[in-house]
Amino acid sequence: MLSYRATLPVPLVVVRRVSAWLQHHRTVHDARPWQRAATCWTQAVLFLRWLINATPVHRLAADHGLSQATAYRYLHEAIDVVADRAPTLEDVLAGQLDTAAPFVCLDGTLIRTNRCSARSTSGNGAVKGYDIWYSGKHHAHGGNVQVLTDHTGFPIWTSPVEPGSTHDITTARTHAFPLLYPAAAKGLPTLADKGYAGAGIGIHTPIKGHNLDRGTRTTNRLLRALRAPAERANAILKHYRALRHITLDPARIGAIVAAALVIATMTRGRW
C-alpha cells in the first residue's frame with residue numbers, strides 16, 4: 001500500500017478547538033474514554049476531511065485504521081458536537097441589535113441529497129404519497145435550509161432542515177419569522193427575495209408585477225442592491241464540499257449545515 005502526505009486547508013487552531021470540544025464531550029458522556037479506537041485529534045481530522053473535501057467514509061476509515069461502522073459513528077458524533085456550538089437565532093438577533101446593525105438578510109437554499117423514498121402521509125393540497133424530499137423548484141432531492149446573514153453577507157444562523165418540497169416562506173414561518181418580527185419592531189428589519197412576498201411587517205421584499213411606477217422600481221433596485229452581498233452566504237457554506245451533496249440521512253442536513261456554519265465562523269477572516 002502506498003502512503004502519502006496531504007494538507008487540509010484549515011488552520012491548526014480549528015482542529016485544536018474541535019478536538020477540545022470532542023475531549024469535553026467524551027469526558028462528560030464516556031464511562032471509559034480510554035477505550036476509544038481513536039484520539040480526539042484523529043476524530044476531529046476525520047470530521048474536517050469529510051466536511052471540507054467530502055472524503056468518502058470508507059476511505060476515512062481506512063486512513064485512520066478504523067472500521068467503517070466506527071468511522072460513521074465518530075463522524076455523526078463530531079457533527080453533533082460541533083453543531084451544538086452554533087448560535088441560536090435569539091442570540092444572533094440580540095447581537096445584531098446590540099451592534100446597531102442596519103438589517104439582516106434571509107434566504108433559503110437546497111442542500112442536495114440522495115434520492116429518498118419518504119412519502120407524504122396527507123394531501124395538504126398536493127397528491128398524497130408524493131416524495132417529500134423532492135424539490136420541484138430545483139428538480140432535485142434535498143433539504144430546505146434557511147440562512148440568515150448580516151448586512152455584509154456573512155452567514156450568522158441556519159435553520160433546522162425541512163424536506164425539499166417545503167417552500168422557503170413555509171420553512172421561514174416555522175423557524176425564523178416568530179423571532180424576526182419582534183426584532184423588526186425593535187429596529188432590525190429583514191430583507192428577502194420575492195419568494196417571501198406577503199411574509200408580514202418587517203420582512204421587506206421586492207414588489208412583484210409589471211409596468212411598475214418609477215418609485216416602486218427604485219425601491220426594488222435598492223432592495224436588490226442591499227441584498228446583493230447576501231448572495232455569497234450560500235456560496236460560503238457550500239464551499240464545504242460535503243454540503244454540495246449529502247449522502248447521509250437527509251434529516252441530518254440541519255446539523256451538518258450548523259456544523260459548517262461554526263467552522264466558517266471560526267475562519268471568517270479567510271472569506
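Me: Where in the chain is histidine 138 found?

Reply: In this predicted model, histidine 138 belongs to the loop between strand 2 and strand 3 (140-149).

Me: Is histidine 138 buried, partly exposed or exposed?

Reply: The relative accessible area decides the class, and values between 20% and 50% count as partly exposed. Histidine 138 has a relative accessible area of 34%, so this residue is partly exposed.

Me: Which residues does histidine 138 touch, not counting residues up to four places away in sequence?

Reply: With those sequence neighbours left out, histidine 138 touches Leu110 and Arg112. Arginine 112 is 26 residues away from histidine 138 along the chain, and their C-alpha atoms are separated by 9.5 Å.

Me: How should the second largest pocket be read, and which residues are closest to its centre?

Reply: One may consider the volume, then the lining, then the elements that supply the lining. The second largest pocket holds about 300 Å³ of space. It is lined by 18 residues, and the closest to its centre are Lys137, His138, Thr166, His167 and Asp168. Histidine 138, discussed above, is thus named in that list.

Me: Which elements each supply at least two residues of that lining, and how does the lining divide by class?

Reply: Strand 1 (104-112), strand 2 (134-135) and helix 6 (168-175) each supply at least two residues. Strand 1 gives the largest share, with 4 residues. By class, the lining of the second largest pocket comprises 3 nonpolar, 11 polar and 4 charged residues.

Me: What is the volume of the largest pocket, and which residues are closest to its centre?

Reply: The volume of the largest pocket is about 680 Å³. Its lining has 20 residues, of which Tyr4, Ala6, Thr7, Arg49 and Asp63 are the closest to the centre. Two or more lining residues come from each of helix 1 (12-29), helix 2 (40-53) and helix 3 (57-63). Helix 2 contributes the most, with 4 residues. The lining of the largest pocket consists of 12 nonpolar, 5 polar and 3 charged residues.

Me: How many aromatic pairs does a search of the whole structure find, and how is the geometry of a pair read?

Reply: The search finds 2 aromatic pairs. The angle between the ring planes sets the class: under 30 degrees is stacked, over 60 is edge-to-face, and the rest are tilted. For phenylalanine 177 and tyrosine 181, the ring centres are 5.5 Å apart and the planes stand at 35 degrees, so this pair is tilted. These two residues lie 4 residues apart in helix 7 (residues 177-185), a separation of about one helical turn.

Me: Why is the pair of phenylalanine 177 and tyrosine 196 classed as it is?

Reply: Their ring centres are 6.5 Å apart and their planes stand at 70 degrees, so the pair is edge-to-face. This pair links distant parts of the chain, 19 residues apart: phenylalanine 177 is in helix 7, and tyrosine 196 is in the loop between strand 6 (190-191) and strand 7 (203-204). Together, ring pairs join Phe177, Tyr181 and Tyr196 into a cluster.

Me: Which of these rings are buried, and how is tyrosine 181 classed?

Reply: A relative accessible area under 20% counts as buried. Phenylalanine 177, at 1%, is buried, and tyrosine 196, at 0%, is also buried. Tyrosine 181, at 30% relative accessibility, is partly exposed.

Me: Which ring faces does an arginine lie over?

Reply: Arginine 26 lies over the face of tyrosine 74, at 5.7 Å from the ring centre. Arginine 268 lies over the face of phenylalanine 154, at 4.2 Å from the ring centre.

Definitions and conventions:
Residues are numbered from 1 along each chain as its sequence is written. This is a predicted model: local features need pLDDT of at least 70, side-chain atom pairs count only at pLDDT 80 or more; totals for chains, interfaces and linings use all residues. Side-chain values use heavy atoms; hydrogens and water are left out. On a 1 Å grid over the protein atoms alone, a cavity is a set of points where a 1.4 Å probe fits but cannot get out, and a pocket is an open set with protein on both sides within 12 Å along at least five of seven lines; lining residues have an atom within 4 Å of a point. Grid points are joined across faces, edges and corners, and a volume is the space filled by probe spheres set on the points. Ala, Val, Leu, Ile, Met, Phe, Trp, Tyr, Cys and Pro count as nonpolar, Asp, Glu, Lys and Arg as charged, and the others, Gly among them, as polar. Rings of Phe, Tyr and Trp (its six-membered ring) pair if their centres lie within 6.5 Å; planes under 30 degrees apart count as stacked, over 60 as edge-to-face and the rest as tilted. Buried means under 20% relative accessible area, exposed over 50%, partly exposed in between (1.4 Å probe, protein chains only). A charge sits over a ring if NZ of Lys or CZ of Arg is within 6 Å of the ring centre and within 35 degrees of the ring normal. Contact means heavy atoms within 4.5 Å.
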